[in-house]
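Colleague: I have a structure open on my screen and would like to learn how to read it. Could you walk me through a few features?

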Amino acid sequence: MATPRIAAVKGMNDLLPEQAPLWQKLEGTARRIAALYGFEEVRTPLVESTSLFVRGIGGETDVVGKEMYTFDDRGGESLSLRPEGTAGAVRAYVEHSRHAVDPIQKWFYLGPMFRHEAPQKGRYRQFFQFGAELFGVAEPRADVDLIALVVRFVRELGVSGLVLHLSSLGDEESRPAYREALVRHFSPHAARLSETDRRRLEKNPLRLLDSKDETVKALAEGAPSTLDYLSPASRAHFDEVLRGLDALGIDYEVDPKIVRGLDYYTRTTFELVATSGLGAQSTLAGGGRYDRMVEELGGPATPAIGFSMGLERLALLLEASGPALRRGPDLFLGVLGDEPGRTAQRVAERCRDRGCTVELTLKSGGVAKQMKRADRLGARFSAIIGDGERASGRVKLKTLATGEEREIALADLVEVVGAARETDGGQR
RNA sequence: GCGAGCGUAGCUCAAUCGGUUAGAGCGCCGGACUGUGACUCCGGAGGUUGUGGGUUCGAGACCCAUCGCUCGCCCCA
C-alpha cells in the first residue's frame, strides 16, 4: 500500500514547467505595458487585517461576507488572505502618506488573491491578478489612460473576442436618487421575486440588474438606467471618458447593467468580457473609480481609479489559441568518461559566460542515449566530448535540425555557438 | 452553500447483458545501434479500476456512503 499522498488544496493549482512560458509571457507583457504608461510595481502583503477588507470593500459584499480566508493569528487579531488588490494598495498609499511624496501615484501589482468559492472553469481559490491603481487624479483623462492600458495589454497578447463594457455609477449626489428609482421599479413585482432577490431589493437594488433569473431579467429590461440619474458633474465626467475613448479609437459598449461586486466604486466602472471561451466566468477584467476609498481608510480625500484582471482566465484564452513554445538549449554537451566530463563542464561554463544556454550530460550513458536527450530537449547544436576529443582538441559539432556535422577546434566551440545564437537573437 | 456529471497505467481512452488473467495508443525505461538523435523494429516497467461498505456464484460495470475532479447556480477576476 502506497503511502497516502497529500494533494494540493482545493482550488489551488500547481503551475508546472510546461505552463511556465505562457505565464512568463503574461507577466512580462504586463510589466512592459505598465511601464509604457508610467506605472511602477508595488508589492503589498498577501495577508492584511480583516478590518481593512471589511471597511474598504464592504462587509455586505459576497467577497468579504462569505468568501474570505479569515483566521486569528496567535495574538488574537483577525487576519485575512487578500481577496483583491485594491484595499491593500490604498492602505499602503495612506500608511506611507504617499500623497505627501507626490499625490499622483501610479502603481501596478501582480500576484495571487484568495477567495473561498466553489472552483469552476476560470475560477479558483488562489488566482493571479494583474492590476493597476492610479491615485490622485479626478480628471476623466485618467480613466481613459487606464482603460487604454488594459486594452493595449490584451491586444499585445493577441486576445480577441473581447468587449469593453462601460458605465457610470454616479457620485454621492446621484446614487440615492437612482437607488430610489430602482426600488420604485421593482417593488410592485416583489411577489414574483425570489427570496434572495427580494433581499437585494432592500439592501442593494443595483444587484437586481445583474440577475440571471429570467423573471428578473425581463423586469430589468425596463428598469431605469443609472445613466439617467447621473448628477451633471458625473454626467460630464462620463461623457468626457467616452469622447476620450472615441479619440483613441477604442470600441466600447455603454452598458448600464454592469454592477461591480465591490461597494467602493463610484462614477466610471468597466469590464472586459470575453464573448467565448470562458464559460460562465466570462469577465476577464473589471475596474472603475473609487474616489472615496482613500478618505474612508483614513487618508486625505483622494480620487482614484483602478482595474484588475484574472490571469488564469487570460491564460485559458491564450491556451486556446495554441501552446507557447519552449526553447531548447543552444548547445547539448555529451560526455563519455570522468576526465572528459570535467573538460566538458569547463566548456559548458565558458559557453554560459558567453550567454549561451547549455545542457550538459549529468547522468552518464551511451552516445545514442545522450543524443536522444539532445533531440528531445530541442537543442540547436550537440557535441560529444570523450577521450579522443580531449586528446585531439577537436570536436564534431552537429546541427540537430539538419543533421549536418562539422569538425571544429574545441577551443572554438564557445565562439561558434555564441555567434549562432547572436545571429538570430536566440530566437529559433 | 445548492444542483448535475465524471473518477480505469504518467497522459488520452477501451473492456459486449454483470463473466474468468483489466487492454490499446502515446509517453517512459532498455535493446537492435558497446561514439551520434529523428524513422523503424523488439523487449520491459507501470493498475488495490479514487476509497469504504453492500448486492451477486461472480462487480471496473449495479446499489449506498465518502473523497476528489469538472461544469452550472450564486458571486466574481
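**Reading rings, surface and packing**

Modeller: Happily! This is a predicted model. Let us begin with one residue: phenylalanine 307 has 2% relative accessibility, so it counts as buried.

Colleague: Which residue forms an aromatic pair with phenylalanine 307, and how do I describe such a pair?

Modeller: A pair of aromatic rings is described by the distance of the centres and the angle of the planes. Here the partner is phenylalanine 130: the two rings sit 5.4 Å centre to centre with 90° between the planes, an edge-to-face pair. Phenylalanine 130 belongs to strand 6 and phenylalanine 307 to strand 11 (residues 304–310), so the pair ties together parts that are 177 residues apart in sequence.

Colleague: Is phenylalanine 130 buried or exposed?

Modeller: Buried means under 20% relative accessible area. Phenylalanine 130 has 0% relative accessibility, so it counts as buried.

Colleague: How many aromatic pairs does the structure hold?

Modeller: There are 11 aromatic pairs. One of them joins phenylalanine 108 and phenylalanine 130: their ring centres are 6.3 Å apart and their planes at 75°, so this pair is edge-to-face. It links distant parts of the chain, with phenylalanine 108 in strand 5 (residues 105–114) and phenylalanine 130 in strand 6 (residues 126–135), 22 residues apart. Phenylalanine 108 is buried, as is phenylalanine 130.

Colleague: Which residues form an aromatic cluster?

Modeller: Look for Tyr93, Trp107, Phe135, Tyr264, Tyr265 and Tyr290, which form one cluster. Tyr93 is also one of the buried residues of helix 4.

Colleague: Then what does helix 4 pack against?

Modeller: Helix 4 (residues 86–95) is mostly covered, with 8 of its 10 residues buried. Its buried residues pack against several elements, including strand 2, helix 2 (50–58), strand 5 and strand 6. After helix 4 comes serine 97, with a positive phi near 45°.

Colleague: Now to the outside. Which residues form a nonpolar patch on the surface?

Modeller: Leu46, Val47 and Phe71 do, and together they have about 210 Å² of accessible area. Leucine 46 is found in the loop between strand 1 (40–41) and strand 2 (47–49). With 35% relative accessibility, leucine 46 counts as partly exposed, because that class lies between buried and exposed.

Colleague: And stepping back, how is chain A divided?

Modeller: Into domain 1 (17–173 + 231–320) and domain 2 (331–419). Their C-alpha centres lie 49 Å apart.

Key: Residues numbered from 1 in each chain as written. Chains lettered and ligands numbered in written order. Predicted model: local features only at pLDDT ≥ 70, side-chain atom pairs only at ≥ 80, totals over all residues. Heavy atoms only, no water. Phe/Tyr/Trp six-rings, centres within 6.5 Å; stacked < 30°, edge-to-face > 60°. Helix = DSSP H or I, 4+ residues; strand = E, 2+ residues; numbered from the N terminus. Buried < 20%, exposed > 50% of the residue type's maximum accessible area, 1.4 Å probe, protein only. Patch = residues over 30% accessible without salt bridge, like charges linked within 9 Å, V, L, I, M, F, W, Y side chains within 5 Å. Areas by Shrake-Rupley, 256 points an atom, 1.4 Å probe, with all protein chains shown as cover. Salt bridge = Lys/Arg side-chain N within 4 Å of Asp/Glu carboxyl O. Domains from an automatic or database assignment. Contact = heavy atoms within 4.5 Å.
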